[in-house]
Amino acid sequence: LIDALLTLARSERGTTVSEFVDLATACEDSLDAAAVRIGDRHLKVTCALEPAELDGDRLLLERMVGNLIDNATRHCDREGWIHVSSGRHDNSVFVEVVNSGAPIPSDVVPSLLEPFRRANSRVGDSAGAGLGLAIVKAIATSHRGTVALNGRIGGGLEALVHLPTHETPLNRPANANGDEEPG
């Protein structure tokens, strides 16, 4: 819990670190780290990983991807499935994690991006504190990106993160003309 809160605070503060990161590699590493849970729950995992390269805070971006994978493996129904994809679209990169699972009411889905929010079916269990997706949102925001969640018809969740690959350093906000602000 403390580690998650510190990561949330760090990501909300923004980032001044900028190094090369490939989100496809982060997806592979996160799936490797989740292999025991995937095996124990008999989950079927499919991937469509294309390069998703950008400059950013490597530790935060890897944590973001790890949280997406962790969320999917925790809340996927036993013997269910997870699909992970990454790639590039125009001037942005994306990571998408989709999983089977219990239906989530559409009015609850947006609140899952807020700290300590969980779907009613998960309240009171020991599967986390409700910070994972809030951390995803904070990290995406600190990298000028977006997160979209959608409940799936039939159950489960789609999580899609888009991050820009622009050249403006992350710690120097751009003005309306796209030029760096003096700082």
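**Figure 1. The whole chain, element by element.** Starting at the N terminus, the protein chain goes α-β-α-α-β-β-α-β-β-α-β-β. That adds up to 5 helices and 7 strands. Keep in mind that this is a predicted model. The chain has 183 residues, and 44% of them count as buried. Look at contacts between residues with a separation of 6 or more, and 70% of those come from residues 24 or more positions apart.

**Figure 2. The open sheet and its two edges.** Here we have 5 strands lined up as S2-S4-S5-S7-S6, forming an open sheet with mixed pairing. Strand S2 (44-49) and strand S6 (146-151) sit at the edges, and each of these pairs on one side only. Going from one strand to the next, the twist averages 10°. Helix H2 (residues 23-33) packs on this sheet and touches S2, strand S4 (81-89), strand S5 (92-99) and S7. The direction of H2 makes about 165° with that of S2.

**Figure 3. Strand S5 and its two partners.** Take a look at S5: 7 of its 8 residues are buried, so the rest of the structure largely encloses this strand. S5 pairs with S4 in the antiparallel sense, over 8 bridges. To find your way along that pairing, pick out His83, whose bridge partner in S5 is Val98. S5 also pairs with S7, again in the antiparallel sense and over 8 bridges. Val98 is a handy landmark for this pairing too, since its bridge partner in S7 is Glu158. As a general point, side chains in a regular strand alternate between the two faces of the sheet.

**Figure 4. The turn from S4 to S5.** S4 and S5 form a hairpin with 2 residues between the strands. Asp90 belongs to this hairpin and takes a positive phi near 55°.

**Figure 5. Strands S6 and S7 at the edge.** Now move over to S6, one of the edge strands of the sheet. S6 is joined to strand S7 (residues 157-164) by 6 bridges, and the two run antiparallel. One pair to look for is Ala148 with its bridge partner in S7, Leu160.

**Figure 6. Helices H2 and H4 where they cross.** Helix H4 (residues 58-75) lies across S4, S5 and S7, and runs at about 20° to S5. The axes of H2 and H4 come within 9 Å and cross at roughly 50°. That angle is why H2 counts as oblique to H4. The crossing of the two helices is right-handed. On the H2 side, the residues that meet H4 are Leu23, Ala26, Cys27, Ser30 and Leu31. On the H4 side, you'll find Leu61, Glu62, Val65, Gly66 and Ile69. Sorted by class, this contact has 7 nonpolar, 2 polar and 1 charged residues.

**Figure 7. A closer look at Leu31.** Leu31 lies in helix H2. With a relative accessibility of 12%, Leu31 counts as buried, because the cut-off is under 20%. Which residues does Leu31 contact, leaving aside its neighbours within four places in sequence? They are Ile38, Val45, Cys47, Ile69 and Val84. Val45 is 14 residues away from Leu31 along the chain, and the C-alpha atoms of this pair are separated by 8.9 Å.

**Figure 8. Helix H5 and what comes after it.** Helix H5 (residues 132-142) is mostly covered, with 8 of its 11 residues buried. The buried residues are Leu133, Ala134, Ile135, Val136, Ala138, Ile139, Ala140 and Ser142. Arg144 follows H5 and has a positive phi, near 60°.

**Figure 9. Two loop residues with positive phi.** First up is His42, in the loop between helix H3 (35-40) and S2. The phi of His42 is near 55°, a positive value in a residue other than glycine. His42 has a relative accessible area of 48%, so this residue is partly exposed. Next comes Glu79, in the loop between H4 and S4. The phi of Glu79 is near 65°, which is also a positive value in a residue other than glycine. Is Glu79 buried or exposed? With a relative accessible area of 62%, Glu79 is exposed.

Key. Residues are numbered from 1 along each chain as its sequence is written. This is a predicted model: local features need pLDDT of at least 70, side-chain atom pairs count only at pLDDT 80 or more; totals for chains, interfaces and linings use all residues. Side-chain values use heavy atoms; hydrogens and water are left out. Buried means under 20% relative accessible area, exposed over 50%, partly exposed in between (1.4 Å probe, protein chains only). Helices (H or I, at least four residues) and strands (E, at least two) are DSSP runs, numbered from the N terminus. Two strands pair if DSSP finds at least two bridges between them. Axes are lines fitted to C-alpha atoms, for helices over the stretch in contact, and angles run from 0 to 180 degrees between N-to-C directions. Contact means heavy atoms within 4.5 Å. Angles under 35 degrees count as roughly parallel, over 145 as roughly antiparallel, 65 to 115 as roughly perpendicular and the rest as oblique. A crossing is left-handed if the near helix is turned anticlockwise from the far one by less than a right angle, and right-handed if clockwise. Ala, Val, Leu, Ile, Met, Phe, Trp, Tyr, Cys and Pro count as nonpolar, Asp, Glu, Lys and Arg as charged, and the others, Gly among them, as polar.
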